[in-house]
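User: Could you take me through one part of this protein slowly? I'd like a close look at the empty spaces inside it and at a couple of its helices, in plain words.

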Amino acid sequence: MNDLQTLKGLGPKRREALLQAGITTLEDLLNHLPKGYLFAQEPTPIARVTVGEACVEGIVQAAPTLSYFGGRSMVRARVMDASDSISLTWFNQPWMAKQLLKGQRITLYGLAQRRQNALNLLNPQIIHDKGIIPQYAPLPGLPGKVFSSFVLQALDKVAISTKESLPDSFLREHRLISRYQAWQSSHQPRNMEDLAQARRRLGFENLLLYQLAIRQAGPQGQAGPKLVNAKATAEDFWTKLPFAPTGAQRNTLSQIAQDMGTGQALRRLVQGDVGSGKTAVAFGAAVCAISNGYQCALMAPTELLARQHHENAQKMLSPFGITCGLLTGSMKAAQRREALEGIADGSWQLVIGTHALISKDVRYHRLGLAITDEQHRFGVRQRQTLADRADHLVPHILALSATPIPRSLALVLYGDLQVSIMDELPPGRTPVKTRIVPQGKRDDLYQYIRTKALEGEQSYLVCPLIEDDEEADQEKQSAVALFHQLSKGPLKGIGMALTYGSQTEAEKEQALGEFYAGTAKVLVSTTVIEVGMDVPNATTMVIEDAENFGLAQLHQLRGRVGRGQKESWCFLLGEANERLSTLAKTNDGFEIAQKDLELRGPGEFLGTRQHGRMLNDFGVNDMKLIEETSACLMDLENNPVNKATYNLLSSLARDRYSHKLDQVGLH
Ligand code: ADP
Ligand code: MG
């Protein structure tokens, strides 16, 4: 029987926890794969433990302590062996306080971290068995242990009744094991070989179905607004700008204009490195749509970016007599009412805004083109939702992204879009020079910034990224601390501004406004500036503890400088490693992305974003499997022999994933 109700130990609370995680059937439970495996090794003597994963065995020295701060719990304890002792910390696992008894001998496996000069084992697991132990991401309200007991029960219960999802011939053709076998080996692996087969089978199925679902979310070939004269309008657009377009900009806009003239709805993603000038291309497309009597909407992931676009649009589009307006979430009621009217009666031809653009009360007026900027920050569904707001029309869809990704990965993420690549920067830019700077040289760096500030040039100082949720507040703390330290010390007397994610909109606006205006010469910030800030007079970027950032993110941050004629520098504070050296060697976003992908695999590469999480949930961190499934998808679509299989898999895909496409991708 395929029902969670049959699970022993499932009360209403735990049932709710499963529902929250999207688990409604025993099959869902089995499809919830371990986030990793623990290969229980021989314990290391505590004295020999170093930073990183560690397995230790020892005696609990005292009863654990449980404390709460800001709604979070922390359990602390200490174990000792013949060689030394080590402290243990669990965040948000209050039940751990009851799991340990003084004097008990236990084996633990966790991440050893250095804290105030002593090692600490973070969130360690108590190990009972040897062998390969599945690790489940804890669900809120459901300890990992309980979860694994549910999974084992589910394995028992579905054994007989579960049917294979894929046709036999398909399994043979792609060398895939049966679904039940794969579940068994994922949740109770006997050896590495079994595990690899299981992951391949489930990853293959998940990836393939997900890609099918995305493609169905936005089918190609729907009828859309047929624009007349779009190509000529696009050419004319460039002549009215203060700069000549790059070849890549001209080609991309020309392609877009052509597509919009066919009578089919455009569905295109423009991928271009930071600074390649995607905004102008988007405005060009907007002019084409608007001159045909359609409205155009441009959605950006942050308020700052939306404002910046609005200002630029007013400047760039004034020669065309286009009216544009801004709609954001922080607007006052009266302002908002005015905006909604302007949008509904069509007096706003170009509507720029944040997520507010997809809120229910916005009525568009002949919306013919829906643009999302920084698409990698949005979910698939949000992009589609914007388009769906158009009445009686299937508008053209244009998505812009500065996260360059290889084509095979693009198929997984943006399977419903065609991709244009803008691989050229506007002329006259001096490439940013990048240096890795050891911590010891920090003071020299501040002197350099001071000198630059006195010469009138501006600098960004980006504080370390803190991944750990428990310590999210530290991100802000370290920015605040750095700001005070510098403004009292090395940068005394220099105009400085400070910004971080949890500031109010007004505070943010004030800080960024000072930097835009140039009264602040130095902007200390957390990574909030990653997306889209454009201050040509800023020529220095300093990234603290650069080792902690992903390559793509470092590249995005670096892209904030080198936007004017003056020579720009990016300083990466930290020890040289392969990532930082790659960055120091090249400015080419695609090369950097490729390297990042090699170093980290696709799941990590996409990180905490929607798709990264999704790949991690699928247990996929393997480009080969992605390529294989993309090829399989092409084959299914293009080869008439596969029609029946294609139809079968498509309906499976709809059932399994169409409701998941609306998960939000912001981080
Ligand atoms: P991104 O692709 O990162 O969104 P933007 O559209 O913000 O890049 O463009 C970056 C900067 O380059 C802007 O200040 C823009 O006005 C300028 N720019 C865009 N295209 C050109 C061009 N062809 N020549 C000179 N400057 C350009
Ligand atoms: Mg941009």
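Analyst: Let's start with a yardstick: the expected span of a helix is 1.5 Å times one less than its number of residues. Keep in mind that this is a predicted model.

Now try the yardstick on helix α15, residues 442-454. It has 13 residues, and the distance from its first C-alpha to its last is 19 Å, close to the 18 Å expected. Which residues of α15 are buried? They are R442, L445, Y446, I449, K452 and A453. Looking down the axis of α15, you'd find these buried residues within an arc of 120°, so they line one face of the helix. The face turned away from that buried side carries D443 and L454, which are exposed. After α15 comes G456, and its phi is positive, near 100°.

Helix α9, residues 247-260, can go through the same check. Its 14 residues should span 20 Å at 1.5 Å a residue, and its end C-alpha atoms are indeed 20 Å apart, so the two agree. The buried residues of α9 are A248, Q249, T252, L253, I256, A257, D259 and M260. They cover an arc of only 160° around the axis, which puts them on the same side of α9.

Now for the empty spaces. Rolling a probe the size of a water molecule over the atoms shows where empty space is left. Here, the count comes to 3 cavities of 30 Å³ or more. The second largest cavity holds about 60 Å³ of space. Its lining has 10 residues, and A402, T403, P404, A552 and H555 lie nearest its centre. By class, that lining has 6 nonpolar residues, 4 polar and no charged. Helices α18 (551-558) and α20 (589-606) each supply at least two lining residues, and α20 gives the most, with 4. Domain 4 (230-422) and domain 5 (433-586) each provide at least three residues of this lining.

Those two domains turn up again at the second largest pocket, which has a volume of about 300 Å³. Where does this pocket lie? Both domain 4 and domain 5 give residues to its lining, so the pocket lies between them. The pocket is lined by 16 residues, with V274, L425, V432, G562 and N587 nearest its centre. Sorted by class, the pocket lining has 6 nonpolar, 6 polar and 4 charged residues.

Methods
Residues are numbered from 1 along each chain as its sequence is written. Chains are lettered from A and ligands numbered from 1 in the order in which they are written. This is a predicted model: local features need pLDDT of at least 70, side-chain atom pairs count only at pLDDT 80 or more; totals for chains, interfaces and linings use all residues. Side-chain values use heavy atoms; hydrogens and water are left out. On a 1 Å grid over the protein atoms alone, a cavity is a set of points where a 1.4 Å probe fits but cannot get out, and a pocket is an open set with protein on both sides within 12 Å along at least five of seven lines; lining residues have an atom within 4 Å of a point. Grid points are joined across faces, edges and corners, and a volume is the space filled by probe spheres set on the points. Ala, Val, Leu, Ile, Met, Phe, Trp, Tyr, Cys and Pro count as nonpolar, Asp, Glu, Lys and Arg as charged, and the others, Gly among them, as polar. Domain bounds come from an automatic or database domain assignment. Buried means under 20% relative accessible area, exposed over 50%, partly exposed in between (1.4 Å probe, protein chains only). The arc is that of the directions from the helix axis to the C-beta atoms.
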